[in-house]
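Trainee: Could you take me through one part of this model in detail, namely the surface that meets the DNA, and then set it beside the other contacts of the protein?

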Number of protein chains: 2
Amino acid sequence: MVQHEIPSRDETPPRTGARRRLAPEARTPQILEAAFAEFAERGYAGARMAGVATRAGIAKGLIYHYFPSKSALFLATFRAATGPAFEAAERRIFVTGGPVRAMLADLIGVAYARLREAERERALFRLMVAEADRFPELARFYREEVLSRAAGLVHAMLHAGVASGEFRPEVAEMPCLAEAVMAPAVAGSVWRLILGKDDAPDLAALQAAHLDLLLAGLAVRQAPAR
Amino acid sequence: MVQHEIPSRDETPPRTGARRRLAPEARTPQILEAAFAEFAERGYAGARMAGVATRAGIAKGLIYHYFPSKSALFLATFRAATGPAFEAAERRIFVTGGPVRAMLADLIGVAYARLREAERERALFRLMVAEADRFPELARFYREEVLSRAAGLVHAMLHAGVASGEFRPEVAEMPCLAEAVMAPAVAGSVWRLILGKDDAPDLAALQAAHLDLLLAGLAVRQAPAR
DNA sequence: TTGCGTATTGACCATACGGTCAATAGCATG
DNA sequence: CATGCTATTGACCGTATGGTCAATACGCAA
């Protein structure tokens, strides 16, 4: 009713913000994307719902039309950002023929390549470290979907190397060896998280050292030094 | 003046909270301790000044008598919690005689022992990962006081091993080799941060695998397999 | 063109939090 | 016991934030 009194053509009076109706299937990922940026930059506690809304170019209230609370949005963001991370690597690895040590080198190369780019994964990793004990689902996800799968991949490769005679037989049965094998990549990722791209140890050099140390450590020895 | 009207013996009326005056030298570390607990548990953004006050058993306002702001308290907390971390290890290492590989094993054992206990250091590490880009001082500290010193220690040891003929000559000059050598301990620490004591890879097993892989990777080979 | 379902807004609320400050009381000194 | 310094309190403030809701207008279907 009031609005009848102000039919002026200028934008000010009721100032209905440009409103573009979107289907939920289109709006949801948009919000999730904005939320990811906000959470990645500020952490869970520091993130503001208004910030998410601004990034998405919508009103804050609309978020609550799609997600019931901040924590729900956080979990949803995390699940969404957590796409099929390993399928590609898993598929790729075992098609490469040749000596197992070359396959292992290839696998490690893929891992470092991801670390080098993959801004997204790094932000996700930071969130896991920072919020894991407040959101157990993050920890569960990392254990089941990241660490276990990566370790499984490496473990299979170690077995293959032993079978082919390239690696020392002991490496097939040593517990946590797979974790030790991939640890330098994880550490490199963490260092880069803390120190930033410019101050962290150079990933290429780390990869080279890692690979050298690793292959020398796994290989059968002509005459076991005692 | 008003209090003259209510000289009742019961605790309620003016209810001056039990007030114990403390010298600043005694109060300051108390506040810092409480702040550390609060920041460690909630992160910077999630921590509340009132929470710090409660933990310290004081009024919130008193904190501002000692620290001008939340961020100043955070930095001070960090500096205080960051005591002489490496002196002991550095002093200890080079007195041990014997083969360099035994010294290296000893060094690594010390590192894992710290990781296993050292709840404090782990919380500090989490804060670094979570807040490093908002507080550059944390990153600077980690680089200069932790990573550089640890890498220097390892690097010196690698040189010694080459000099004594135990290690392959190449290891003395490979960039980032020191970082690769100590990486599994770092990764183990991160895994324990994310997954907790019970779900993380077992530190003892990781240490054993790490050491085995490392010493095999560094040792001179009887006949270099090509 | 009309009508309807709902995506979207913006104003609003209660609260929580960082920070301030005048008043107060513990303690050392004389 | 009186005095002064300051450590300590608790009430207070402005703001920012998570969350709510009635009103609104977009776009589809009839």
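**The surface near DNA strand D**

Mentor: In this predicted model, an N or O atom in the side chain of Arg48(A) lies 2.8 Å from a phosphate oxygen of DNA strand D. Chain B offers a phosphate contact too, since the side chain of His65(B) places an N or O atom 2.4 Å from a phosphate oxygen of DNA strand D. Lys60(A) addresses a base: a polar atom of its side chain is 2.5 Å from a base oxygen of DNA strand D. The elements that contribute two or more residues to the surface near DNA strand D are helix H3 (60-66) of chain A and, from chain B, helix H1 (24-46) and helix H3 (60-66). Of these, H3(B) gives the largest share, four residues.

Taken as a whole, the surroundings of DNA strand D consist of 25 residues, of which Arg48(A), Lys60(A), Arg19(B), Arg27(B) and His65(B) come nearest. By class, the residues of this surface divide into 10 charged, nine nonpolar and six polar. On the side of the nucleic acid, 68% of the atoms of DNA strand D within 4 Å of the protein belong to sugar or phosphate, and the rest belong to bases.

Turning from the DNA to the contact between the protein chains, chain A and chain B each bring 54 residues to it. The area buried between chain A and chain B is about 4500 Å², and carbon and sulfur atoms give 72% of that area. On the side of chain A, Trp191(A), Ile194(A) and Leu213(A) supply 15% of the area buried against chain B, more than any other three residues. Polar and charged pairs also cross this interface: the rule finds 14 residue pairs in polar contact, both residues being at pLDDT 80 or more, and it finds six salt bridges. In one salt bridge, the side chains of Arg168(A) and Asp212(B) meet at 2.6 Å, N to O. The elements that give two or more residues to the side of chain A that touches chain B are helix H1 (24-46), helix H7 (119-131), helix H8 (136-163), helix H9 (177-199) and helix H10 (203-218) of chain A. H9(A) makes the largest contribution to that side, with 15 residues, and the residues of the side divide into 36 nonpolar, 13 charged and five polar.

There remains the contact inside chain A, for which the domain assignment gives domain 1 (22-68) and domain 2 (77-218). The C-alpha centres of these two domains of chain A lie 31 Å apart, and nine residues of domain 1 are in contact with nine residues of domain 2. Between them, domain 1 and domain 2 of chain A bury about 800 Å², with 72% of it on carbon and sulfur atoms. Within domain 1 of chain A, Leu32(A), Phe36(A) and Tyr44(A) lose the most area to domain 2, together 64% of what that side buries. The rule finds one salt bridge across this domain interface, and the side chains of Glu33(A) and Arg120(A) meet in a salt bridge at 3.2 Å, N to O. The side of domain 1 of chain A that touches domain 2 has seven nonpolar residues, one polar residue and one charged residue.

Definitions and conventions. Residues are numbered from 1 along each chain as its sequence is written. Chains are lettered from A and ligands numbered from 1 in the order in which they are written. This is a predicted model: local features need pLDDT of at least 70, side-chain atom pairs count only at pLDDT 80 or more; totals for chains, interfaces and linings use all residues. Side-chain values use heavy atoms; hydrogens and water are left out. Contact means heavy atoms within 4.5 Å. Buried area is the accessible area (1.4 Å probe) that two parts lose on being put together, summed over both. A salt bridge is a side-chain nitrogen of Lys or Arg within 4 Å of a carboxyl oxygen of Asp or Glu. A polar contact is a pair of N or O atoms within 3.5 Å; within protein, one must be able to donate a hydrogen and the other to accept it, and residues adjacent in sequence count only if both atoms are side-chain atoms. Ala, Val, Leu, Ile, Met, Phe, Trp, Tyr, Cys and Pro count as nonpolar, Asp, Glu, Lys and Arg as charged, and the others, Gly among them, as polar. A residue is near a molecule or strand if one of its heavy atoms lies within 4 Å of it. Domain bounds come from an automatic or database domain assignment.
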